[in-house]
Amino acid sequence: MRVAVECKSPLLQKSLELFLGKHLSSLKNCDIAIRDVKFADDEKSFYISSNKDSDLVKPFSKSQLILALEKRYKSMNKGNLYSTIKEHVEDEFADNEELDFDILQKRIESLTKEYQENILRTVRAFYEK
């Protein structure tokens, strides 16, 4: 499955990129394009917003996103593509634990570094007075 992400919201853009990592593709080469602005003409568009008429309503989890994409592909009557998505979803859930741990580890490292910088800044400020 090749997915392009084109969102005006930087937070949504980054979240989707993290969720879909190995499935990301350019807009030109994608099977489906995820957007936070509705495109009525584009059959490949997958609309995400807070509105009830969207393909996926915010907030959502990674598994909800994958299942909604799977459902969308199935409704597009692309049998071969649906099989491919199903395989990728199974692979995604198999790699999910390792991926989640890597993300958690990076987040902990980032928070630890930030905490260390704050402590050093506080100590320097105390001794500079």
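## Arginine 35 and the salt bridges of a predicted model

Arginine 35 counts as buried, because its relative accessibility of 5% falls under the 20% limit. The structure described here is a predicted model, and Arginine 35 lies in strand S2, which makes this residue a convenient place to begin.

**Around arginine 35**

Leaving aside residues up to four places away in sequence, arginine 35 touches Glu6, Cys7, Leu27, Asp42, Ser45, Phe46, Tyr47 and Ile48. With one of these residues, serine 45, the contact is a polar one between the two side chains, at 2.4 Å. With glutamate 6, arginine 35 forms a salt bridge in which the closest N and O atoms are 2.7 Å apart. Because arginine 35 belongs to strand S2 and glutamate 6 to strand S1, this pair ties together parts of the chain that are 29 residues apart in sequence. The two partners are covered to unlike degrees, since glutamate 6 is partly exposed at a relative accessible area of 36%, whereas arginine 35 is buried at 5%.

**Salt bridges compared**

In general, side chains of opposite charge can pair when their charged atoms come close. How many salt bridges does a search of the whole structure find? The search finds four, and the table sets out three pairs, including the one already described.

| Acidic residue | Basic residue | Closest N to O |
|---|---|---|
| Aspartate 31 | Arginine 2 | 2.9 Å |
| Glutamate 6 | Arginine 35 | 2.7 Å |
| Aspartate 55 | Arginine 72 | 2.9 Å |

The salt bridge of aspartate 31 with arginine 2 links distant parts of the chain, for aspartate 31 sits in the loop between helix H1 (10-20) and strand S2 (32-35), while arginine 2 is in the segment before strand S1 (3-6), 29 residues apart. Aspartate 31 is buried, with a relative accessible area of 13%, but arginine 2 is partly exposed at 42%.

The side chains of aspartate 55 and arginine 72 also meet in a salt bridge, and here too distant parts of the chain are linked: aspartate 55 is in the loop between strand S3 (45-49) and strand S4 (56-57), and arginine 72 is in helix H2 (residues 62-75), 17 residues apart. In this pair aspartate 55 is partly exposed, with a relative accessible area of 37%, and arginine 72 is buried at 17%.

**Cysteines**

Cysteine 7 counts as buried at 15% relative accessibility, and cysteine 30 is likewise buried, with a relative accessible area of 6%. The count of disulfides in the model nevertheless comes to zero.

**A nonpolar patch at the surface**

Which residues make the nonpolar surface patch of about 610 Å²? The patch is made by Tyr115, Ile119, Val123, Phe126 and Tyr127. One of them, phenylalanine 126, lies in helix H3 (residues 79-128) and is exposed, with a relative accessible area of 61%.

**The chain as a whole**

The protein chain has three helices and four strands, and read along the sequence these follow the pattern β-α-β-β-β-α-α. Of the 129 residues in the protein chain, 30% are buried. The accessible surface of the chain comes to about 9,200 Å², and carbon and sulfur atoms account for 54% of that area. Among contacts with a separation of 6 or more, 44% are between residues 24 or more positions apart.

Conventions. Residues numbered from 1 in each chain as written. Predicted model: local features only at pLDDT ≥ 70, side-chain atom pairs only at ≥ 80, totals over all residues. Heavy atoms only, no water. Patch = residues over 30% accessible without salt bridge, like charges linked within 9 Å, V, L, I, M, F, W, Y side chains within 5 Å. Areas by Shrake-Rupley, 256 points an atom, 1.4 Å probe, with all protein chains shown as cover. Helix = DSSP H or I, 4+ residues; strand = E, 2+ residues; numbered from the N terminus. Buried < 20%, exposed > 50% of the residue type's maximum accessible area, 1.4 Å probe, protein only. Disulfide = S-S within 2.5 Å. Polar contact = N/O pair within 3.5 Å; in protein donor to acceptor, adjacent residues only side chain to side chain. Contact = heavy atoms within 4.5 Å.
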